[in-house]
Amino acid sequence: MSIDYNALAEQYDLSRSANMDIVNRFAAELALDGKKILDFGCGTGNFAFALGKMTTAAVYGVEPSDGMREKAVAKGVDARKGDHTGIPFADGFFDFVYMTDVIHHVPDVNAMFTEFMRVLKPGGLVCILTESHEQLATRFWTHYFPTTVAVERSRYPDIPEIIHAAEAAGLCVHKTVTTDAQSAAPITEDFVRLVEEKGFSMFRLLAEQDYVAGLAALKADFEKQITLTSTHGETLLWLKKDSGIAYTDRISVEDYNMLHEAVGWGTCKPERIHMALERSDFITVAVAQADGKTVGMARVMHDGLQALVMDVIVQPAFQGQGIGKTMMTKVMAYLHTLSVTGGIKVSLISAKDRVSFYEQFGFIERPTATAGPGMTQWICNTNSISYQSAL
């Protein structure tokens, strides 16, 4: 039995309002402002509309159903016709692609992931909101419609299958999050109406006798105001396109100056840079594998009691690809090796617009209730250094 998605569009919004918990999870994982985002299989555009309202991101939708897409466009969503075989955007266009409760509608996930790889920027993320085969059995309505479990498992790829297809296309697993939680709630009139309208596509795939019997039992319990308990949740599978970046522990004096100049920090005499690098205790350097050019760095100096994180730089053309986050993760891993004998105090000077970036690594902005602001002083010989005014 096939599903007419143009007909389903008439009832779709009964069951597909934007889940703000999921939207907030997207926002917590990456900075969305200014990004180019694709809602693949956007339906009537509820998630894309919500993201467009709460961020400055350019949010686009792709949807094969004319009926669904028309409703998305009516909400102001830039929704375009396309599917798993053809996403109508240029190579490397998107920073982030997501799909919410859609993957079980895709007939060829291998072709879909190939398209995702094409339209994603290096370092771009994908999030697939779906349900594992185990989670499908925990939906509260399976009490009334037990045959939906087999129906859904026949069309939902399980998580290992999705991962296998994604990795075959060149994506790698970033992380997997589940939202399973105990809940208890009465049956609502809205849910009864949704089932009557067959607002979930699975109800259109049930044998008629199973659907009729389940609906009758559901209505009877609704009249009794029965409270149902469930541990149902969903899975967010985060995938990432390789940024094409390798990491090393060496940087030339020339590349050090190049990075500083790229972010407006000026340059310094080679002998002073050489001395600074020689005295550094830890250095991580990001190198683009395509051409071997240095695109980022970070370094640490410490005396056994305190450590200073310095020169956290990513070339502007490569920002937004997670390179800075990867380098800081390496820095923090190194710093934790120093703390095993009793702890170490770590300091850094953040750019004004980067405070939240460092907070995710545990740094605290000063002043606080008990600590004053950090203080610095530059003592410079203007014949040997040119960036004191910028810092």
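Leaving aside neighbours within four places in sequence, Ser 132 is in contact with Asp 158, Ile 159 and Thr 235. This serine sits in the loop that runs between strand E5 (120-130) and helix H6 (133-136). Its relative accessible area is 12%, and the cut-off for buried is under 20%, so Ser 132 counts as buried. The model in which these contacts appear is a predicted one.

Asp 101 can be read in the same way. The loop that holds Asp 101 lies between strand E4 (94-100) and helix H5 (109-119). With a relative accessibility of 15%, Asp 101 is also classed as buried. Once neighbours within four places in sequence are set aside, the residues in contact with Asp 101 are Leu 129, Thr 130, Glu 131 and Glu 234. Along the chain, Asp 101 and Pro 88 are 13 residues apart, and their C-alpha atoms are separated by 21 Å.

These two loops belong to a protein chain with 14 helices and 14 strands. Taken along the principal axes, the C-alpha atoms of the chain fill a box of roughly 85 × 45 × 35 Å. The chain has 391 residues, of which 45% are buried. Of the contacts between residues at least 6 apart in sequence, 71% join residues at least 24 apart.

How far can the model be relied on from one part of the chain to another? The average pLDDT of the protein chain is 90, and 92% of the residues score at least 70. Residues 3-16 have a pLDDT below 50, and this stretch has 37 contacts in the model beyond near neighbours in sequence. Over residues 385-391 the pLDDT also stays under 50; here the model has 15 contacts beyond four places in sequence. Since pLDDT is the predictor's confidence in each residue, the contacts of residues 3-16 and of residues 385-391 are to be read with that in mind.

Two helix pairs show how elements of the chain pack. In one of them, helix H2 (residues 20-29) and helix H3 (residues 46-54) have axes that come within 11 Å and cross at roughly 50 degrees. That angle makes H2 oblique to H3. The crossing of H2 past H3 is right-handed. On the H2 side the contact is made by Met 20, Ile 22, Val 23, Asn 24 and Phe 26, and on the H3 side by Phe 47, Ala 50, Leu 51 and Met 54. Sorted by class, these residues are 8 nonpolar and 1 polar, with no charged residues.

The other pair is helix H9 (residues 189-196) and helix H10 (residues 208-224), which pack at an angle of about 165 degrees with their axes 11 Å apart. Angles over 145 degrees count as roughly antiparallel, and H9 and H10 are therefore roughly antiparallel to each other. Their crossing is left-handed. H9 contributes Glu 189, Phe 191, Val 192, Val 195 and Glu 196 to the contact, while H10 contributes Tyr 211, Leu 215, Leu 218, Lys 219 and Phe 222. The residues of this contact divide into 7 nonpolar and 3 charged, with no polar ones.

The loop between H9 and H10 contains Lys 198. What is the sign of phi at Lys 198, a residue other than glycine? The value is positive, near 55 degrees. Most residues other than glycine have a negative phi. Lys 198 has a relative accessibility of 21% and so counts as partly exposed.

Asp 311 has a positive phi too, near 55 degrees, and is likewise a residue other than glycine. Its setting is strand E13 (residues 306-314). At 11% relative accessibility, Asp 311 counts as buried.

One further backbone feature concerns a peptide bond. Most peptide bonds are trans. The bond that joins Arg 366 and Pro 367 is cis, with omega at about 5 degrees. Pro 367 is found in the segment after helix H14 (355-359).

Methods:
Residues are numbered from 1 along each chain as its sequence is written. This is a predicted model: local features need pLDDT of at least 70, side-chain atom pairs count only at pLDDT 80 or more; totals for chains, interfaces and linings use all residues. Side-chain values use heavy atoms; hydrogens and water are left out. Axes are lines fitted to C-alpha atoms, for helices over the stretch in contact, and angles run from 0 to 180 degrees between N-to-C directions. Helices (H or I, at least four residues) and strands (E, at least two) are DSSP runs, numbered from the N terminus. Angles under 35 degrees count as roughly parallel, over 145 as roughly antiparallel, 65 to 115 as roughly perpendicular and the rest as oblique. A crossing is left-handed if the near helix is turned anticlockwise from the far one by less than a right angle, and right-handed if clockwise. Contact means heavy atoms within 4.5 Å. Ala, Val, Leu, Ile, Met, Phe, Trp, Tyr, Cys and Pro count as nonpolar, Asp, Glu, Lys and Arg as charged, and the others, Gly among them, as polar. pLDDT is the predictor's confidence in each residue, from 0 to 100. Buried means under 20% relative accessible area, exposed over 50%, partly exposed in between (1.4 Å probe, protein chains only).
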